[in-house]
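Thanks for passing this one along. Here are my notes, set out as numbered points to read beside the structure.

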Amino acid sequence: MGKVIYTSYHAKYNDILNKGITPICISLYKPRFQRYLHHWLELAPSKDILSIDISEQEGFDLYNKLFAEKLNSLDKDLIQQKINSIQGDIAICCYEKDYETCHRYDVASWLHNQFGYDIQELKFT
């Protein structure tokens with residue numbers, strides 16, 4: 001079986017480690033109290049994107065448009081190299097608990113479309 005990529009959020013950092021999965025920070029800023037060894041800023045929204053007011057549909061649409069443009073402009077070979085450089089399974093993590101309203105959902109979709117990874121939110125019982 002090949003590498004598995006999960007999504008999760010920073011509050012689950014220790015739980016991710018306890019499962020033997022390598023957490024990857026994809027937030028613009030790393031959490032202060034967690035020691036991420038990998039911080040992939042390429043997969044984080046920029047300051048400009050984060051400054052968009054998404055409380056209205058127009059802002060939400062603009063956020064999604066600009067973040068999609070950022071993802072589509074990435075060096076795909078570099079991203080694949082980063083993924084391959086880590087032994088074992090990984091979890092891409094950000095701050096938001098709700099997977100479907102977070103940029104990690106967009107990153108997971110992009111990784112699936114670019115590389116064929118079947119990415120799922122990591123479940124904890």
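**Notes on the predicted model**

1. Let me start with the surface. The protein exposes about 7,700 Å², and carbon and sulfur atoms supply 49% of that area. Please keep in mind as you read that this is a predicted model.

2. Now the overall build. The protein contains five helices and four strands, and along the sequence they follow the pattern β-α-β-α-α-α-β-α-β. The C-alpha trace spans about 40 × 30 × 25 Å along its principal axes.

3. What radius of gyration would suit a compact globule of 125 residues? The expected value is near 14 Å, and the protein has 14 Å, so the two agree.

4. Next, the interior and the contacts. Of the 125 residues, 40% are buried. Among contacts with a separation of 6 or more, 63% join residues that lie 24 or more positions apart.

5. Ser-8 is a nice residue to click on. Ser-8 sits in strand E1, which covers residues 5–9. Is Ser-8 buried or exposed? With a relative accessibility of 0%, Ser-8 counts as buried, because buried means under 20%.

6. Which residues does Ser-8 touch, leaving out those up to four places away in sequence? Its partners are Ile-16, Ile-92, Cys-93, Cys-94, Arg-104, Glu-121, Leu-122 and Phe-124.

7. Asn-84 makes a good second stop. Asn-84 belongs to helix H4, residues 76–84. Its relative accessibility is 48%, so Asn-84 counts as partly exposed; the cut-off for exposed is over 50%.

8. With neighbours within four places in sequence set aside, Asn-84 is in contact with Lys-3 and Tyr-117. If you would like a distance to check on screen, try Asn-84 and Ile-16: they are 68 residues apart along the chain, and their C-alpha atoms are separated by 19 Å. Ile-16 also appears among the residues that Ser-8 touches.

9. Finally, the pocket. The largest pocket has a volume of about 360 Å³. It is lined by 19 residues, and the closest to its centre are Leu-50, Tyr-63, Glu-96, Cys-102 and His-103. Helix H3 (57–72) and helix H5 (103–115) are the elements that give two or more residues to this lining.

10. What is the make-up of the lining of the largest pocket, in nonpolar, polar and charged residues? The lining divides into 12 nonpolar, four polar and three charged residues.

Terms used. Residues numbered from 1 in each chain as written. Predicted model: local features only at pLDDT ≥ 70, side-chain atom pairs only at ≥ 80, totals over all residues. Heavy atoms only, no water. 1 Å grid on protein atoms, 1.4 Å probe; cavity = no way out; pocket = protein on both sides within 12 Å on 5 of 7 lines; lining within 4 Å. Points joined across faces, edges and corners; volume = space filled by probe spheres on them. Nonpolar A, V, L, I, M, F, W, Y, C, P; charged D, E, K, R; others polar. Rg over C-alpha atoms; globule rule 2.2 N^0.38 Å. Buried < 20%, exposed > 50% of the residue type's maximum accessible area, 1.4 Å probe, protein only. Contact = heavy atoms within 4.5 Å. Areas by Shrake-Rupley, 256 points an atom, 1.4 Å probe, with all protein chains shown as cover.
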